[in-house]
Each structure stands twice: as structure tokens, then as C-alpha cells.
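Visitor: I'd like to learn how to read a model like this one, feature by feature. Could you walk me through it?

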Amino acid sequence: MATADDDVLEEYLDVQDSDSPAWERDHNKKRCPDCGGLHGLDASVCTVCGWQPT
Ligand SMILES: [Zn+2]
């Protein structure tokens, strides 16, 4: 349960920091904010649509 609370907090902080595009976190994955594709935490570029953080 504690880890679920942490995930919610991280997502909340991501929303607050919307000025700088970044990966969204989904448990132990990164989610591309552009196409919603899921990637490992070591991904630097979305292999689905080519998006990457600026
Ligand atoms: Zn993408």
C-alpha cells in the first residue's frame, strides 16, 4: 500500500511540473506523454513515436 501512495505522489508532482515535458511514471515503467507507450526506466527515447524529453 505504501508504494501505491508513493506512485500517486510522483504522478501528482509530474502534473505540477508540466512546463517541462517528461516521462510519466507507471509503476516500474515510463510512459510516453505523447503516445502513451510504455518503456523501461532506462529508456531515453520513445521507440513508438520518437518523443524524447527536452
Ligand atoms: Zn511516444
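Visitor: Let's start with Gly50. Where is Gly50 placed?

Guide: Gly50 sits in the segment after β3. Keep in mind as we go that this is a predicted model.

Visitor: Is Gly50 buried or exposed, and why?

Guide: The idea is to count C-beta atoms around a residue: 12 or fewer others within 10 Å makes it exposed. Gly50 has 10 other C-beta atoms within 10 Å, so Gly50 is exposed.

Visitor: And what separates Gly50 from Cys32 in space?

Guide: Their C-alpha atoms are 9.5 Å apart, with the two positions 18 residues apart along the chain.

Visitor: Let's step back. How many helices and strands does the protein have?

Guide: One helix and three strands. Going along the sequence, you meet them in the pattern α-β-β-β.

Visitor: How do I read a sheet?

Guide: In general, strands of a sheet pair through backbone hydrogen bonds, either parallel or antiparallel. Here, three strands form an open sheet in the order β1-β2-β3, and the pairing is antiparallel. The edge strands are β1, residues 24-26, and β3, residues 38-39, each of them pairing on one side only.

Visitor: How many bridges join β2 to β3?

Guide: Two bridges join them, with β2 covering residues 29-31 and the two strands running antiparallel. For one position across that pairing, look at Lys30, which stands opposite His39 in β3.

Visitor: What about Lys29: which residues does Lys29 contact, leaving aside neighbours within four places in sequence?

Guide: Lys29 belongs to strand β2, and its contacts on that basis are Leu38, His39 and Gly40. Lys29 counts as partly exposed because it has 14 C-beta neighbours inside 10 Å. You can also follow Lys29 to Leu41: 12 residues apart along the chain, their C-alpha atoms are separated by 5.6 Å.

Visitor: Then let's take Leu41. Where is Leu41?

Guide: In the segment after β3. Leu41 has 9 C-beta neighbours inside 10 Å and so counts as exposed. Apart from residues up to four places away in sequence, Leu41 touches Asn28 and Lys30. The C-alpha atoms of Leu41 and Asn28 are separated by 6.9 Å, for 13 residues along the chain.

Visitor: Now for backbone angles. What should I look for in phi?

Guide: Most residues other than glycine have a negative phi, and that's the background to hold in mind. Against it, look at His27, a residue other than glycine with a positive phi, near 55°. His27 lies in the loop between β1 and β2. It's exposed, because 9 other C-beta atoms lie within 10 Å of His27.

Visitor: Which residues does Pro53 touch, not counting those up to four places away in sequence?

Guide: Pro53 touches Pro21, Ala22 and Trp23. Pro53 itself is in the segment after β3. For distance, take Pro53 and Ser20: they are 33 residues apart along the chain, and their C-alpha atoms are separated by 8.1 Å.

Visitor: Does Pro53 count as buried or exposed, and why?

Guide: Exposed, because Pro53 has 12 C-beta neighbours inside 10 Å. The cut-off for exposed is 12 or fewer, so a count of 12 still qualifies.

Visitor: Last one, for the whole chain. What share of the residues counts as buried?

Guide: Of the 54 residues, 6% count as buried. As for contacts between residues at least 6 apart in sequence, 9% join residues at least 24 apart.

Notes: Residues are numbered from 1 along each chain as its sequence is written. This is a predicted model: local features need pLDDT of at least 70, side-chain atom pairs count only at pLDDT 80 or more; totals for chains, interfaces and linings use all residues. Helices (H or I, at least four residues) and strands (E, at least two) are DSSP runs, numbered from the N terminus. A residue is buried if 20 or more other C-beta atoms lie within 10 Å of its own, exposed if 12 or fewer, and partly exposed in between; C-beta atoms are placed from the backbone. Two residues are in contact if their C-beta atoms, placed from the backbone, lie within 7 Å. Two strands pair if DSSP finds at least two bridges between them.
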